[in-house]
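Here is a short guided tour, written to be read with the model open beside you. Please load the structure and follow along, heading by heading.

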Amino acid sequence: MSASADQLLEKLGVHLDPELLVLALTHRSFAHEAGGIPTNERLEFLGDSVLGVVVTEALYRGHPDQPEGALAKMRAATVSQRALAAVARTLDLGGYVLLGKGELSTGGAEKDSILSDTLEALFGAVYLSHGLEVARACVERLVGPTLERAAALGAGLDWKTSLQELAACLNLGAPVYEVVGEGPDHARTFTARVVIGGEVRGEGTGPAKKIAEQEAAANAYRALDALRAARGTAARDDATAGA
């Protein structure tokens, strides 16, 4: 096993058989160029389920007073592609993934989709090698900080849903998203605007449409929350003046 592989395993906190580790790191682009060798997709499938069980149980036990809907939002925020890619970057995982020349040339080592999928494949490999309890400890150690942040996000767990609920509360109608993309396919940037009640309430940008929409929703939510606060203040002032 190479020194770089040893470093990855040290960061992961477990030992894996070299052959299984290579499999977990083998992206389909590399496998195709190497003549059709096995890819990490089956391990990713397994790891996704392991991750889901561990995170769901942690939320269930850690937040006994939260309803199902709130737990579902926290789980979604924790296991999202963007959140898992951020965890993968703490491991410098992009430097270990085996990618084909095409993916390497288009920045595949930094793509959220590839990083998150590879992290799930590693979780699958840990489960196969050591069973659920070791896999649980590995997932909790790496994903635990993300889980804690998700529990404290409130409206930020799902800005689009929170914005829709706030807009309805203010009788402004449903948010409408307008998104445009610019740049080449491998480095595309999306800009989103959210229109509510005939006005642009927030804008956002990102490397994916969903990310741009969430940022626009977050900015719109903050604007409408300020509007709600102003309305509340005005109503209290009117009540005081009429008393």
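## One helix and its buried face

Let's start with helix α5, whose buried residues pack against α4 (41-62), α6 (81-90) and α9 (132-151). Contact here means heavy atoms within 4.5 Å. Helices (H or I, at least four residues) and strands (E, at least two) are DSSP runs, numbered from the N terminus. The residues of α5 that are buried are Ala70, Leu71, Met74, Ala77 and Thr78. Seen down the helix axis, these buried residues of α5 fall within an arc of 125°, so they line one face of the helix; the arc is that of the directions from the helix axis to the C-beta atoms. As a general reminder, an α-helix has 3.6 residues a turn, so residues three or four places apart point the same way.

Buried means under 20% relative accessible area, exposed over 50%, and partly exposed in between (1.4 Å probe, protein chains only). Met74, a residue of α5, is buried with a relative accessible area of 3%. The length of α5 works out nicely too: its 12 residues (68-79) should span 16 Å at 1.5 Å a residue, and the end C-alpha atoms are 16 Å apart, which agrees. The expected span is 1.5 Å times one less than the number of residues.

## About the model

This is a predicted model, in which local features need pLDDT of at least 70 and side-chain atom pairs count only at pLDDT 80 or more, while totals for chains, interfaces and linings use all residues. Residues are numbered from 1 along each chain as its sequence is written, and side-chain values use heavy atoms, with hydrogens and water left out.

## Overall layout

The protein has 11 helices and three strands. Reading from the N terminus, the elements run α-α-α-α-α-α-α-α-α-α-β-β-β-α. Along the principal axes, the C-alpha atoms fill a box of roughly 80 × 45 × 25 Å.

Of the 243 residues in the protein, 38% are buried. Among contacts with a separation of 6 or more, 56% come from residues 24 or more positions apart.

## Two nonpolar cores

How many residues does the largest nonpolar core have? It has 41, and those with the most contacts inside it are Leu12, Leu16 and Leu93. A nonpolar core is a set of buried Ala, Val, Leu, Ile, Met, Phe, Trp, Tyr and Cys residues joined through side-chain atoms within 4.5 Å. At least two residues of this largest core come from each of α1 (3-12), α2 (18-25), α4, α5, α6, α8 (112-130) and α9. The largest share, eight residues, is supplied by α8.

Leu12 is a good place to zoom in: leaving aside residues up to four places away in sequence, Leu12 touches Leu91, Leu122, Val126, Cys138, Arg141 and Leu142. A second, separate core has 17 residues, including Leu166, Leu170, Tyr221 and Leu224.

## Helix α6 and the residue that follows

In α6, the buried residues are Ala83, Leu84, Ala85, Val87 and Ala88. They pack against α4, α5, α8 and α9. Val87 and Pro145 are 58 residues apart along the chain, with their C-alpha atoms separated by 9.3 Å. Pro145 is found in helix α9 and is partly exposed, with a relative accessible area of 39%.

Just after α6, Asp92 takes a positive phi of about 55°, although Asp92 is not a glycine. This residue lies in the loop between α6 and α7 (101-105) and is partly exposed at 47% relative accessibility. Asn171, also not a glycine, has a positive phi of about 60°. Asn171 sits in the loop between α10 and β1 (176-182) and counts as exposed at 70% relative accessibility.

## The largest pocket

Which residues lie nearest the centre of the largest pocket? They are Ser80, Gln81, Arg82, Asp112 and Ile211, out of 36 that line the pocket. About 1200 Å³ of space lies in this pocket. On a 1 Å grid over the protein atoms alone, a pocket is an open set of points where a 1.4 Å probe fits, with protein on both sides within 12 Å along at least five of seven lines; lining residues have an atom within 4 Å of a point. Grid points are joined across faces, edges and corners, and the volume is the space filled by probe spheres set on the points.

The lining takes at least two residues from each of α5, α6, α8, α9, α10 (159-169) and α11 (209-242). Its largest share, seven residues, comes from α11. Asp112 and Met74 are 38 residues apart in sequence and 19 Å apart in space, C-alpha to C-alpha.
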